[in-house]
Amino acid sequence: METRTLGTLKVYRRRVLPTSVDEELASNTERNRAILAAICDLPSDWPVLLFGLTVEHAKHLAVELCMKGIPARAITGEMTRTTRTHYV
């Protein structure tokens, strides 16, 4: 980690990472393709719980999975507890 990056660290849910790390990983096309390919290779009757790096990343992955014919939902804190429980 570069010295200039150390000044932008924030504590988030008991971890310390620069926000830029989440953004960089979420926008990494090769990484996202590998994640999606790994899920697509699983048996269709296997339930999968995938955590995105951000809410937007989770929504993006859910859309990509749906476009590949795999039912998916991004579960976020914006949903009611009942809705979250239903999808999980």
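In which helix is the place of A58? A58 belongs to helix α4, and the model in which this residue is described is a predicted one.

## Overall architecture

The protein chain contains five helices and two strands. Followed along the sequence, these elements are arranged in the pattern α-β-β-α-α-α-α.

Of the 88 residues of the protein chain, 18% count as buried. The accessible surface amounts to about 7100 Å², and 55% of this surface belongs to carbon and sulfur atoms. Among contacts between residues at least 6 apart in sequence, 31% join residues at least 24 apart.

## Helix α3 and its two sides

Helix α3 comprises residues 29-40, 12 residues in total. From its first C-alpha to its last, α3 reaches 16 Å, which is close to the 16 Å expected at 1.5 Å a residue. At the N-terminal end, α3 is capped by N28: a side-chain oxygen of N28 lies 3.2 Å from the backbone nitrogen of E30.

Which residues of α3 are buried? They are N32, I35, L36 and I39. Because these residues cover an arc of only 95° around the axis, they fall on the same side of α3. E30 and R33, on the other side of α3, are exposed. The packing partners of the buried residues of α3 are α2 (19-26) and α4 (55-67).

## The largest nonpolar core

In soluble globular proteins, nonpolar side chains tend to be buried together. In this model, the largest nonpolar core consists of nine residues: I35, L36, I39, A58, L61, A62, L65, A72 and A74. Helices α3 and α4 each supply at least two residues of this core, and α4 gives the most, with four residues.

The contacts of L36, a core residue, illustrate the packing of α3. When neighbours within four places in sequence are left aside, L36 is in contact with L61, E64, L65 and K68. Of these partners, L61 and L65 are themselves listed in the core.

## A58 and its partner A74

Is A58 buried or exposed? Its relative accessibility is 18%, so A58 counts as buried, the cut-off for burial being under 20%. Not counting residues up to four places away in sequence, A58 touches G52 and A74.

A58 and A74 are separated by 16 residues in sequence, and their C-alpha atoms are 5.4 Å apart in space. Both residues are members of the largest nonpolar core.

## Two loop residues: L50 and T76

L50 lies in the loop between α3 and α4. With 32% relative accessibility, L50 counts as partly exposed. L50 is absent from the list of core residues, because a nonpolar core is a set of buried residues and L50 is partly exposed. Leaving aside neighbours within four places in sequence, L50 is nevertheless in contact with I35, I39 and L61, each of which appears in the core. The C-alpha atoms of L50 and I39, which are 11 residues apart along the chain, are separated by 9.2 Å.

T76 is found in another loop, the one between α4 and α5 (81-87). How does burial apply here: is T76 buried or exposed? T76 is buried, with a relative accessible area of 6%. Excluding residues up to four places away in sequence, T76 touches V55, K59 and R84.

Technical notes
Residues are numbered from 1 along each chain as its sequence is written. This is a predicted model: local features need pLDDT of at least 70, side-chain atom pairs count only at pLDDT 80 or more; totals for chains, interfaces and linings use all residues. Side-chain values use heavy atoms; hydrogens and water are left out. The expected span of a helix is 1.5 Å times one less than its number of residues. Buried means under 20% relative accessible area, exposed over 50%, partly exposed in between (1.4 Å probe, protein chains only). The arc is that of the directions from the helix axis to the C-beta atoms. Contact means heavy atoms within 4.5 Å. A polar contact is a pair of N or O atoms within 3.5 Å; within protein, one must be able to donate a hydrogen and the other to accept it, and residues adjacent in sequence count only if both atoms are side-chain atoms. A nonpolar core is a set of buried Ala, Val, Leu, Ile, Met, Phe, Trp, Tyr and Cys residues joined through side-chain atoms within 4.5 Å. Accessible areas come from the Shrake-Rupley method with a 1.4 Å probe; for residues, only the protein chains shown count as cover.
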